[in-house]
Amino acid sequence: MSVTAVFFTVCALLSLVGALVTVGAKSPIRCAVGLLATILGIAGLFLKLNAQFLAAIQLIVYAGAVVVLFVFVVMLLGPDATPKEVGLGKARVARALGAGLLLVLAVLGMVLLAASNAQPTPLGAVSPTHGTAEAVGGLLFTRGIVPFELATALLIVAVVGAIAVARAPQQKKKAVRTGASLTQRLFHGPIHPRDAGRPLGDAAPAVLGEGPR
């Protein structure tokens, strides 16, 4: 086996294992690590295709920006974002649907592979600027400008939604703490002049029929 075949096998396995970890891990941090492994494997496959610019963009944009954004969102949400208990019925339904979808896709892929032509399809000659930064930038900001802007808006909406979801439990906890301190001030303070010097919560019980003098 040549070095090129070994490199392709390692990158393909890294992409597949990372994808399985991303969708199968329970910890959000492990999911992010699996996504990072998948991105690294895809970057290696781009290198195998002599697309060095796309490999660099894959590492800079996705591994250096998107994965870091996901990690920040996970850190912002905290462990409260993951449900602690999941119904057994819902888990079984989700697993059954996932397994059924995977089986249908596998069968469809095998049928299409069996019906395809065994002879390789010849490709036309590419231009000298194919895959360069100028060609990718021109395509991105002409025919691909709408998907590019939609992806940017999607990331912004994801960040704003994560902040909104994370702030809701914090405001609720703050309201609970504020209400507790208000109750403590109202009902646990000194209610008799002789208790004015006592610590908070150590006030002596009031005697029935004895009012403030």
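This note comments on confidence, one buried residue, a nonpolar surface patch and an aromatic pair in a predicted model.

1. Overall confidence. The structure is a predicted model, and its mean pLDDT is 75, with 70% of the residues reaching 70 or more. Confidence is highest in helix 1 (residues 3-24), at a mean of 90. The lowest value belongs to helix 6 (residues 145-187), where the mean is 68.

2. Stretches of low confidence. Over residues 200-204 the pLDDT is below 50, although the model gives this stretch eleven contacts beyond near neighbours in sequence. Residues 206-211 also stay under 50, and for them the model has five contacts beyond four places in sequence. Where pLDDT is low, the predicted coordinates should not be read in detail.

3. A buried glutamine. Gln58 is a residue of helix 3 (residues 52-77). Its relative accessible area is 10%, and because the limit for a buried residue is under 20%, Gln58 counts as buried. Apart from neighbours within four places in sequence, Gln58 is in contact with Ile39, Ile42, Ala43, Phe46 and Ala63.

4. The nonpolar surface patch. Leu14, Leu36, Leu40, Ile57, Leu59, Ile60, Val61 and Tyr62 make a nonpolar patch of about 630 Å² on the surface. Helix 2 (28-48) and helix 3 each contribute at least two residues to the patch. The largest share, five residues, is supplied by helix 3.

5. A member of the patch. Tyr62, one of the patch residues, lies in helix 3. Its relative accessible area is 40%, so Tyr62 is classed as partly exposed. Gln58, which is also in helix 3, is by contrast buried.

6. The aromatic pair. How many aromatic pairs does a search of the whole structure find? The search finds one. The pair is formed by Phe141 and Phe148, whose ring centres are 5.5 Å apart and whose planes stand at 65°. Planes over 60 degrees apart count as edge-to-face, and the pair is therefore edge-to-face.

7. Exposure of the two rings' residues. Are Phe141 and Phe148 buried or exposed? Phe141 has a relative accessibility of 51% and so counts as exposed. Phe148 has a relative accessible area of 32% and is partly exposed. The cut-off for an exposed residue is over 50%, which is why Phe141, at 51%, falls in the exposed class.

Notes. Residues are numbered from 1 along each chain as its sequence is written. This is a predicted model: local features need pLDDT of at least 70, side-chain atom pairs count only at pLDDT 80 or more; totals for chains, interfaces and linings use all residues. Side-chain values use heavy atoms; hydrogens and water are left out. pLDDT is the predictor's confidence in each residue, from 0 to 100. Helices (H or I, at least four residues) and strands (E, at least two) are DSSP runs, numbered from the N terminus. Contact means heavy atoms within 4.5 Å. Buried means under 20% relative accessible area, exposed over 50%, partly exposed in between (1.4 Å probe, protein chains only). Patches are made of residues with over 30% relative accessible area and no salt bridge: like charges are joined within 9 Å, nonpolar side chains (Val, Leu, Ile, Met, Phe, Trp, Tyr) within 5 Å. Accessible areas come from the Shrake-Rupley method with a 1.4 Å probe; for residues, only the protein chains shown count as cover. A salt bridge is a side-chain nitrogen of Lys or Arg within 4 Å of a carboxyl oxygen of Asp or Glu. Rings of Phe, Tyr and Trp (its six-membered ring) pair if their centres lie within 6.5 Å; planes under 30 degrees apart count as stacked, over 60 as edge-to-face and the rest as tilted.
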